[in-house]
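The exercises below are meant to be worked with the sequence and the model side by side. Try each task before reading its solution.

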Amino acid sequence: MADFCKYVNVFQGCGEIDLPEPRGIAARWFFLKAGCGNTSPAASLPYSAISVGPFSGGYPTGYTDHMPNSHSRPPRFEGGKGLLGFAHLQQSGTGAIGYYYTYAVVTPRYAASPLRRVPANETAAPGYYAATLEDIFCELTVSGRTALHRYTFGHGGGEVRVDFTNNGVCIPGWEKQPVKNLAVRLRDAFTAEAAAEIEGIRIYFAVRADAPLRIEDGMLVAAAPESGVVNLAVSLSPLSTETATARVAEPLDFDAAKAAARDAWNRALSKIEIETDRDEIKEIFYSNLYHSLVKPADWSGESFLYGDGPFTVDLNTLWDMYKTELPLLFAVYGEEIGEKICETLLRLCETLGFMPNSIGLSDEYKQPNGQARMLGSYALVTAYRYGLPVDGRRILKNLKTDLFAPDKRDFTETGRCRSHTFLLDMAEICTLGANLAKELGDTESEALLRPFGELWKTAYDPATGLLKNDTGYYEGTLYNYSFRQMADMDSRMALAGGRERFAALLDKFFGYGAPETVQPTDPQNYAPVAAGMELGRFEGFNNESDTEAPYSYIYAGRHDRTCEVVRAGMKYMFTTGRGGIPGNNDTGALSSYYVFAALGLFPVAGQDLFLIGSPFVKKATVTLWNGHTLTVTADHADDEHIYVKKAAFNGRQLPDFRISARALLAGGALTFEMTDRK
């Protein structure tokens, strides 16, 4: 197998954004969110239940010196570049979701070691992280649901400590719930167990070392032997102590685990093989594909909510993931993780009586929907449209359960919501559900859902063609949510005054003919952000609220504009290195957007539809979830030939720049004839 891991920069998105100076239309957009990707260099597997990485206490993944931030450049905290050790479970790309993991902090040290030490010679590859603290060479990898540590001390007197009391970041004022009811005990001289309540659920830990363990001040301590090398295995489980302990009982073979982790990543990354003349594109592409596959985490068989069976967590930003990341997982990785995601969403709804918009190893799932609604149903319908073996009738049953959950009575009883975005979410999924019911011959469900599906029209102002300005909007303004793809885009454009006026509204939104913007840089000053929001401008690819909007030009007959906007964004807002992701990656939502854009595709959530973009790789060979193969070729893949003169699938031209998802996922050849002219 080819080594795709060599193209991956695990550190991409870990730091403050460092992007090319935007030119042309890209210089007219306005960033709303903070300028950092919020990824972690932690060692993990694809959809990894366990991860292990450097811990500084920084926001939000436990890495870097970033403080909590929501706009401009991230503020920094003193000492944050120094590490406190290495922690288990890290979020990837998330922001203020309410919990951050970073449990069981392992610290290699000497008696005189300072609290924080700046790492030297940091290196990372998929499934592996290494750095030097003082003269201690620290290595991390993962095997199944176990993290493996190897510490090589430069001189005698070293020890390794494991602290189970940490929860979250280490920034004053941002402390999380303290670890409760912690119990630590030795099982034998080399094995220890711990259990605690963290973020509302019980977590069970197991630790095994190749040096004797002792308990000191509530922590585990292993003294380094004469060889100077300490190997440590750490596992955890939301199910039981026995489950975690059984995993660490396996032999500690760090090098074999490291090699197996790289093999696992190569298998995952090989599902999409690209050809390009530009090496930097390969690095950006495979780094983004990597960050698209870190989450969600597969904890199948260890659900703390409904027992045995599939259980995927860290669906923490579903309002972003449902647009691009979940379609990517369904289309390419359906058997590995997509089917498990679907079963998790269905079981959650059947267990709880509603479908959470966020699920992790936390009781946060109990919180009402405050950012979006019913996006789990969008994900399920998307999977169904892609041909995954998920029962359509069961989807409908759970869709209706979620629709009539108590927190959605405003919509079902009054036809209004406190935000028009909620109304659009719910009305559109009702239309998509009604369409599914019609196909299945379920006339009762269709009759129930169809009228709710018409309510989306009440959210728009016919005078402006945009959403009304009489409710709040999460992470944006009415403009950012006015250009999503609807099932009935003809009616949507008619409401805006027709195709030409709809295109004109899009032009204004993207800044055609407008002066360049200045991005805010001071995290302590919100005034420039507020002023920028008043522009009603596209947020670039700094946030996912409006990332589908470039493709709405297609419905107005302006595919050229789609090409201009998407290609500008991919050129100026994704690059190599720690600053290479243009904003909070939101559990892989931005990185998966890049993957689709490189292939010239965009998935429309919940619909049997892909929209055609502007590819910038010469060729891609995609192994689809069902074993079929999709090949994508473009005759010119450079920065000049951005317009699509002709797109065809299996020889059939696609004049409207749209293709059925079912047809695409049956496999075949998607070909692009590119041009440098509109």
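How many positive and how many negative side chains does the chain have, and how far apart do the centres of the two sets lie? Lys and Arg count as positive and Asp and Glu as negative, with His and the chain ends not counted, and the place of a charge is taken as NZ of Lys, CZ of Arg, CG of Asp or CD of Glu. The chain has 66 positive and 82 negative side chains, and 3 Å separates the centres of these two sets.

Before going further, note that this is a predicted model, in which local features need pLDDT of at least 70 and side-chain atom pairs count only at pLDDT 80 or more, while totals for chains, interfaces and linings use all residues. Residues are numbered from 1 along each chain as its sequence is written, and side-chain values use heavy atoms, with hydrogens and water left out.

**Exercise 1. Describe the chain as a whole.**

Step 1: Count the elements, where helices (H or I, at least four residues) and strands (E, at least two) are DSSP runs numbered from the N terminus. The chain holds 17 helices and 27 strands.

Step 2: Judge the overall extent through the radius of gyration, taken over C-alpha atoms, and the globule rule, which is 2.2 Å times the number of residues to the power 0.38. The radius of gyration is 25 Å, close to the 26 Å that the rule gives for 678 residues, so the chain is as compact as a globular protein of that length. Along the principal axes, the C-alpha atoms fill a box of roughly 75 × 55 × 50 Å.

Step 3: Turn to burial, where buried means under 20% relative accessible area, exposed over 50%, and partly exposed in between (1.4 Å probe, protein chains only). Of the 678 residues, 65% count as buried.

Step 4: Look at contacts, meaning heavy atoms within 4.5 Å. Among contacts with a separation of 6 or more, 71% come from residues 24 or more positions apart.

**Exercise 2. Find the nonpolar cores.**

Step 1: Take a nonpolar core as a set of buried Ala, Val, Leu, Ile, Met, Phe, Trp, Tyr and Cys residues joined through side-chain atoms within 4.5 Å. The largest one has 209 residues, and W29, I272 and L289 touch the most other members.

Step 2: Ask which element gives the most to this core. Helix α10 (residues 420-440) does, with 11 residues.

Step 3: Look for a separate core. A second one, of 9 residues, includes Y128, L148, V248 and F254.

Step 4: Return to W29 and leave aside its neighbours within four places in sequence. The contacts of W29 include F510, R537, F538, V565 and M573.

**Exercise 3. Explain why helix α7 is described as enclosed.**

Step 1: Check the burial of helix α7 (residues 375-385). In this helix 11 of the 11 residues are buried, so α7 is largely enclosed by the rest of the structure. Among the buried residues are Y378, T382 and R385.

Step 2: Identify the cover. The elements over the buried residues of α7 include α4, α5 (325-332), α6 (334-352), α8 (392-403), α10 and α17 (661-665).

Step 3: Look past the end of the helix. G387 follows α7 and has a positive phi, near 90°.

**Exercise 4. Compare two positive phi values and locate two cis bonds.**

Step 1: N181 has a phi near 55°, positive although the residue is not glycine. N181 is found in strand β9 (residues 180-188) and is exposed, with a relative accessible area of 56%.

Step 2: D314 also has a positive phi in a residue other than glycine, near 65°. D314 is in the loop between β17 (312-313) and α4 (318-321), and at 2% relative accessibility D314 counts as buried.

Step 3: The peptide bond from Y59 to P60 is cis, with omega near -10°, and P60 lies in the loop between β1 (52-55) and β2 (85-90). The bond from K295 to P296 is cis, with omega near 5°, and P296 lies in the loop between α3 (279-293) and β16 (297-298).

**Exercise 5. Place R578 in its surroundings.**

Step 1: R578 sits in the loop between α15 (559-573) and α16 (589-599) and is partly exposed, with a relative accessible area of 36%.

Step 2: Leaving aside neighbours within four places in sequence, R578 is in contact with residues including F11, C14, E16, Y63 and E122. R578 and P41 are 537 residues apart in sequence, yet 10.0 Å apart in space, C-alpha to C-alpha.
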